[in-house]
Amino acid sequence: MSATALPPGSPGGLPPGVSIPPGLAIAKLPPDILSDVKPRRGIWGFLGRYPAIAIGGSLLFIMVFVAVFAPFLFTKDPTALAPALRTREPSAQFWFGSDMLGRDVYSRVLYGARVSLIVGFSVAFFASLIGLIIGLLSGFNRIADSIIMRVMDGMMSIPPILLAIALMALTRGSVQNVILAITVAEIPRVSRLVRGVVLSLREQPYVEAAVASGTRTWKIIFKHILPNTLAPLTVQATYICAAAMITEAILSFIGAGTPPIIPSWGNIMAEGRALWQVKPYIVFFPAVFLSITVLAVNLLGDGLRDAIDPRLAKRI
Amino acid sequence: MTKRILEVSDLKKHFPIRGGLLGGTVGYVYAVDGVSFHINQGETLSLVGESGCGKSTVGKSVLRLFPLTSGQVVLNGKRIDDMPSGSLRPLRRQIQVVFQDPFSSLNPRLRVREILAEPIRNFGLANSEAEIDEKVGQLMDKVRLPRDAVNRWPHEFSGGQRQRICIARALAAEPDIIVCDEAVSALDVSVKAQIVNLLQDLQAELGLAMLFISHDLAIVEHMTHRVAVMYLGQIVEVADRKSLFGTPRHPYTEALLSAVPVPVPGALRERIVLQGDVPSPIKPPPGCRFHTRCPYAFDRCRKEVPALKDDGTGHLAACHLHDGPAAENPLLNKAPPTAFRAA
């Protein structure tokens, strides 16, 4: 860029009364780089800034809507057998086709959303709650910490699916037991996260200032520590939710999860597995629904993580 | 005689180093190793020294934010060093703290009103919510913040404003002494001056004592009554401001003062550049702790620990040089350090 002399008094130019000696040129001052974009406020501005939350949230909302209003979305009884109409291709009568017992795959997939979402949300809730209590306890008590964390190390050394299968083998197959099994497998990771957050929060000056101003320990935990662990915990809960839905499908697929009488995406896929090469749609539709739901929850989690604290990305 | 607010004698805080397979103690960090000082009512004692010398540990020790290794801390005539935390809690009102980082000193999830009300509630200083509101309002006045800002969140304030909220929180407990742990170090110069002046005004108004922990000698010179210089967990020199800045009696103080920038372009000054690093507080050197870097060190310094001795005017220094004849003492036969010559 060539340097040019500016007329006196112009912005970035010389003050009036000052002349440039011959042979000298003064470089133009670059303007300050300021964005003139006014950040949009309110819910639309927020969603515009975090598209992952917008996309993930709306996909998840659709799934919840589908699960809740499954009976009103032109479905039939998902367990009604119609042997004469088995393995039909997708058509006006069977939108997603019918399986080898003549059951409507569309209805089964929509009702299956209930199992997946119930399992995902329940596991996320219970694992977070129990993990939070364990994490707070071990973050505040050194003796409890050394015992609890060794137990958690032991639990983490077993792959979560194996642990869930083992727990399912001990109990009867039911949705509650699936939730229990996956929750147990997820607790160690949550309590580790909470413990780490608690340990770093305890060293924060505002906690020390609270101690110095005579705040009791339980009050410090509930007023200063707990509210500040909720943000990373919420993000972690979404990941747990997604992982739990996949684990539920895996357990059902291998026959160690939800009993076959209840339509779940894993069950539908397990039953369609034998006919995969000739009737792929039986596996295809529940798989697509599972993928979309897991994607939605993960997108939501990523978006929340970025919205709450970009630095969290490294901690989780 | 003025009232003695805080008296610390032979304070020690050693942090265990955990290591090895079973997490046993493999050594100690001698963060504070035998520190004694006192602070009178309405007086500011500054604690200066370089990073890692244990200044902040002293501050946190007198606040009893962790148990002490040994030593006595007497607050308003009561020993608090070995007090169980339950009976200590009401006494905490008398000693409050302002930390360095204004961004992590305020809980991001509490509004300013809640932050300031917490000490008032804890110590039962108000009987009703209306009284709390009134007290919070008065605190906001004291630190020159608008009263209607109490419903805001901490992130809505600038660094200097947050630091004033921290000061207001410390004042909320109606303390006798405030520990300012590098309270102005994280602020820019103009805001720093503002906070320092505020602290001085409040001190004059409320008769507060202050333990002012800092590494900024220019600020210390501006606002303190007495200064204690720390090096590697020990106090090497204590004196009133004029005496310490005019005639330092410890080689470390001399070197510290010579490192203060002079606000005169092209000013000539003799700088004493210390060689090497601060020795590790895990394995402090024997004898005088400063002998590894002292330009005047001689044989005795390597073997014998110098005691903190009074020169007769209340100026205490821990240096063997003062035991020899005054004519041969390099510390005494020197002009005062450049930066403070005018003062």
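Me: Over which residues of chain A does pLDDT, the predictor's confidence in each residue from 0 to 100, stay under 50?

Reply: This is a predicted model, where local features need pLDDT of at least 70, side-chain atom pairs count only at pLDDT 80 or more, and totals for chains, interfaces and linings use all residues; side-chain values use heavy atoms, with hydrogens and water left out. Residues are numbered from 1 along each chain as its sequence is written, while chains are lettered from A and ligands numbered from 1 in the order in which they are written. Where pLDDT is low, predicted coordinates should not be read in detail. The stretch in chain A where pLDDT stays under 50 has 15 contacts (heavy atoms within 4.5 Å) beyond four places in sequence, and it is residues 1-12.

Me: What is the mean pLDDT of chain A?

Reply: Happily, 86% of the residues in chain A reach 70 or more. The mean pLDDT of chain A is 84.

Me: How many residues of helix α3 in chain A are buried?

Reply: Helices here are DSSP runs of H or I with at least four residues, strands are runs of E with at least two, and both are numbered from the N terminus. Helix α3 of chain A covers residues 105-140 and spans 51 Å from first to last C-alpha, close to the expected 52 Å (1.5 Å times one less than the number of residues). Buried means under 20% relative accessible area, exposed over 50%, and partly exposed in between, with a 1.4 Å probe and protein chains only. By that rule α3(A) is mostly covered, and of its 36 residues the buried ones number 26.

Me: Why does the radius of gyration of chain B agree with a compact globule?

Reply: The radius is taken over C-alpha atoms, and the globule rule is 2.2 Å times the number of residues to the power 0.38. The C-alpha atoms of chain B fill a box of roughly 70 × 55 × 45 Å along the principal axes. Because a compact globule of 343 residues would have a radius near 20 Å, there is agreement with the value for chain B, 21 Å.

Me: Which helix gives the largest share of the largest nonpolar core?

Reply: A nonpolar core is a set of buried Ala, Val, Leu, Ile, Met, Phe, Trp, Tyr and Cys residues joined through side-chain atoms within 4.5 Å. The largest one has 67 residues, and B:Ile167 is among those with the most contacts inside it. With 7 residues, the largest share of this core comes from chain B's helix α5.

Me: Which residues does B:Ile167 contact, leaving aside neighbours within four places in sequence?

Reply: B:Ile167 belongs to the group with the most contacts inside the largest core, alongside B:Leu116 and B:Phe212 among others. Its partners beyond those neighbours are B:Val98, B:Val143, B:Ile195, B:Leu198, B:Leu199 and B:Leu202.

Me: Is B:Leu232 buried or exposed?

Reply: B:Leu232 sits in the loop between β9 (226-231) and β10 (234-240) of chain B. Its phi is positive, about 50°, although the residue is not a glycine. With a relative accessible area of 1%, B:Leu232 is buried.

Me: What is the relative accessible area of B:Glu182?

Reply: B:Glu182 also has a positive phi, near 55°, and is not a glycine. Its place is the loop between β7 (177-181) and α6 (189-206) of chain B. The residue is buried, with a relative accessible area of 7%.

Me: How far apart in space, C-alpha to C-alpha, are B:Tyr28 and B:Pro16?

Reply: B:Tyr28 lies in strand β2 (residues 24-40) of chain B, and its contacts include B:Pro16 and B:Pro281. B:Tyr28 and B:Pro16 are 12 residues apart in sequence, and their C-alpha distance is 4.4 Å.
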